[in-house]
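Here is a friendly walk through one protein model, taken a region at a time. Have the structure open beside you as you read.

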Amino acid sequence: MRLPSAAGPRPGCPSRLPALLLLPLLSGCLGLVGAARRPNVLLLLTDDQDAELGGMTPLKKTKALIGEKGMTFSSAYVPSALCCPSRASILTGKYPHNHHVVNNTLEGNCSSKSWQKIQEPYTFPAILKLVCGYQTFFAGKYLNEYGAPDAGGLEHVPLGWSYWYALEKNSKYYNYTLSINGKARRHGENYSVDYLTDVLANLSLDFLDYKSNSEPFFMMISTPAPHSPWTAAPQYQKAFPNVIAPRNKNFNIHGTNKHWLIRQAKTPMTNSSIKFLDDAFRRRWQTLLSVDDLVEKLVKRLDSTGELDNTYIFYTSDNGYHTGQFSLPIDKRQLYEFDIKVPLLVRGPGIKPNQTSKMLVSNIDLGPTILDLAGYDLNKTQMDGTSLLPILKGDSNLTWRSDVLVEYQGEGRNVTDPTCPSLSPGVSQCFPDCVCEDAYNNTYACVRTLSSMWNLQYCEFDDQEVFVEVYNITADPDQITNIAKSIDPELLGKMNYRLMMLQSCSGPTCRTPGVFDSGYRFDLRLMFSNHGSVRMRRFSKHPL
């Protein structure tokens, strides 16, 4: 049976970009329309899959079929360690301060009316479909508040998608609702027809069977795994019986000299907390086995139809995860490597097999890369990221960035939690023993620097302390020792200024030379206001 298409006109969602929005995009891909063998693109996005704590270990087939057939990026980061801001960055190619999605709430601009009006018309899938002539297919989790009644409900289909199979709100495995091109379809708890990862695989295979062969395609498949509630397929529920969370050096220790939110965690953790996080770690791996099956099915189908050799496949996650690091039980949101670093594997035409790139990349680069593959003129966009195509093609004379921005605005209200009266006001995401994973002033911005000489992270918090954390990742990969008070003051000043520059950047100014680049220029006078006080970076309190 042929898949229904979302291409027809829908109330509130025109089938073409409004004329005024289309003007700055014209001449991008128009010269390529009708050209032979334009590449297809498949983007596979998991939910909460870490790179630092063994998140890729269960995915043997994925590593063999994508990583070993192409390139694995060992320094891939997200601009915000939370689902909705990170996914918005993938779609727009922008840092959160430019797309204004700051957390997972409607108030934080997650799938809000403002997002739909201001950002969705300029996402890279919209450009691919409406300017480059691609068939576009989406299946899975979109944004955490997608489907909310106050944001158009499930009838809303974002501009630029030919086929739309989106999950209502956050990740589930059973008992969920999909928007099928704007119409709700409820699923139950029968594994053979309802298990979401398998449903996404089947929808994707159907698309490959029934799509048009006269146009290239872009597919984005966004799985629930390994997000909670970590419900594995029946055949995998006994996998990894002896696996526990890694006991690395920052596991179950006190976060000395760190932000107060990290210091409030109870050390050592209780036996029940450790048992809980070990169980979560194992179940996360179990859910990923179905993702591994999905990847295998798609690659086999592309191969059998003769399209694999003309298809680029990207595999990544929206953020990392932690299980017991600095005595925080389970979550993301924090500034450390385990939460901001993600897998990124890419294969496709012209990419040599079995490569590993140490280049510093961010998920804001995915949109520009895919548009570049489609032949779109990136100068026509306002994206903050840059195309990875020169890296993928092995450009030996490439000059690359040395830093990226990471930013997060904490969730919570400035009131005391009645169940945890001893804690500071504004905490959220709290466990029964009053260890909390977030707070309204867990708001920070970081410069993550990686060059031939330096491997650093510099972070500032928007709180009364203006707390600073700095880590030498080469000497201290587990980020145990905050060197903010011992690092060279001149270097500290340069990093502070670079942070201010990145936090106010837009488009090309986000790609200016970093502190350790040869083209970097630093004027110490810029660090001070007219009254002689040190300038500190300003955090936006109004996301919309």
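## Getting your bearings

Helices (H or I, at least four residues) and strands (E, at least two) are DSSP runs here, numbered from the N terminus. This is a predicted model: local features need pLDDT of at least 70, and side-chain atom pairs count only at pLDDT 80 or more, while totals for chains, interfaces and linings use all residues. Residues are numbered from 1 along each chain as its sequence is written, and side-chain values use heavy atoms, with hydrogens and water left out.

## A buried glutamate in a loop

Let's begin with Glu 411, which sits in the loop between S15 and S16. Is Glu 411 buried or exposed? Its relative accessible area is 12%, so Glu 411 is buried. (Buried means under 20% relative accessible area, exposed over 50%, and partly exposed in between, using a 1.4 Å probe and protein chains only.)

What does Glu 411 touch? Contact means heavy atoms within 4.5 Å. Leaving out neighbours within four places in sequence, the contacts of Glu 411 include Leu 82, Asn 103, Asn 104, Thr 105 and Arg 333. Further along the chain, Glu 411 also meets Gly 426, Ser 428, Asp 438, Ala 439 and Tyr 440.

## The hairpin next door

Strand S16 (residues 427–430) runs antiparallel to strand S17 (residues 436–439), and three bridges join them. Two strands count as paired if DSSP finds at least two bridges between them. Val 427 has Ala 439 in S17 as its bridge partner. The hairpin has five residues between its strands, and one of them, Cys 434, takes a positive phi near 65 degrees.

## Cysteines, linked and unlinked

How many disulfides does the structure hold? There are five, a disulfide being a pair of cysteine sulfur atoms within 2.5 Å. Cys 434 from the hairpin is in one of them: its sulfur is 2.1 Å from that of Cys 420. Cys 420 lies in the loop between S15 and S16 and Cys 434 in the loop between S16 and S17, so this pair ties together parts that are 14 residues apart in sequence. The link is left-handed, with -90 degrees about the S-S bond, and both cysteines are buried.

The hairpin strands carry a disulfide too, between Cys 430 and Cys 436, with sulfur atoms 2.0 Å apart. Its S-S torsion is about 100 degrees, so this disulfide is right-handed. Cys 430 is partly exposed at 28% relative accessible area, whereas Cys 436 is buried at 0%. Another right-handed link, with 90 degrees about the S-S bond, joins Cys 505 and Cys 510. Why does Cys 83 have no such bond? The closest cysteine sulfur, in Cys 84, is 8.1 Å away, too far for a bond. Cys 83 is buried all the same, at 1%.

## A four-stranded sheet and its helix

Now look at an open sheet of four antiparallel strands, in the order S15-S18-S19-S20. Strands S15 (403–408) and S20 (468–472) are at the edges with a single partner strand each, so one side of each has no neighbour in the sheet. From one strand to the next, the twist averages 15 degrees.

Six bridges join S15 to strand S18 (residues 444–450), and one matches Val 404 with Arg 448 in S18. Helix H14 (residues 489–503) packs on the sheet and touches S15, S18, strand S19 (455–461) and S20. The direction of H14 makes about 115 degrees with that of S18. (Axes are lines fitted to C-alpha atoms, for helices over the stretch in contact, and angles run from 0 to 180 degrees between N-to-C directions.)

## Inside the cores

A nonpolar core is a set of buried Ala, Val, Leu, Ile, Met, Phe, Trp, Tyr and Cys residues joined through side-chain atoms within 4.5 Å. The largest core has 110 residues, and Phe 73, Phe 124, Phe 218 and Phe 314 have the most contacts inside it. H14 gives the most to this core, with six residues.

Not counting residues up to four places away in sequence, Phe 218 touches Phe 124, Tyr 134, Phe 137 and Trp 161, among others. A second, separate core of 44 residues includes Ala 232, Val 291, Leu 294 and Val 295.
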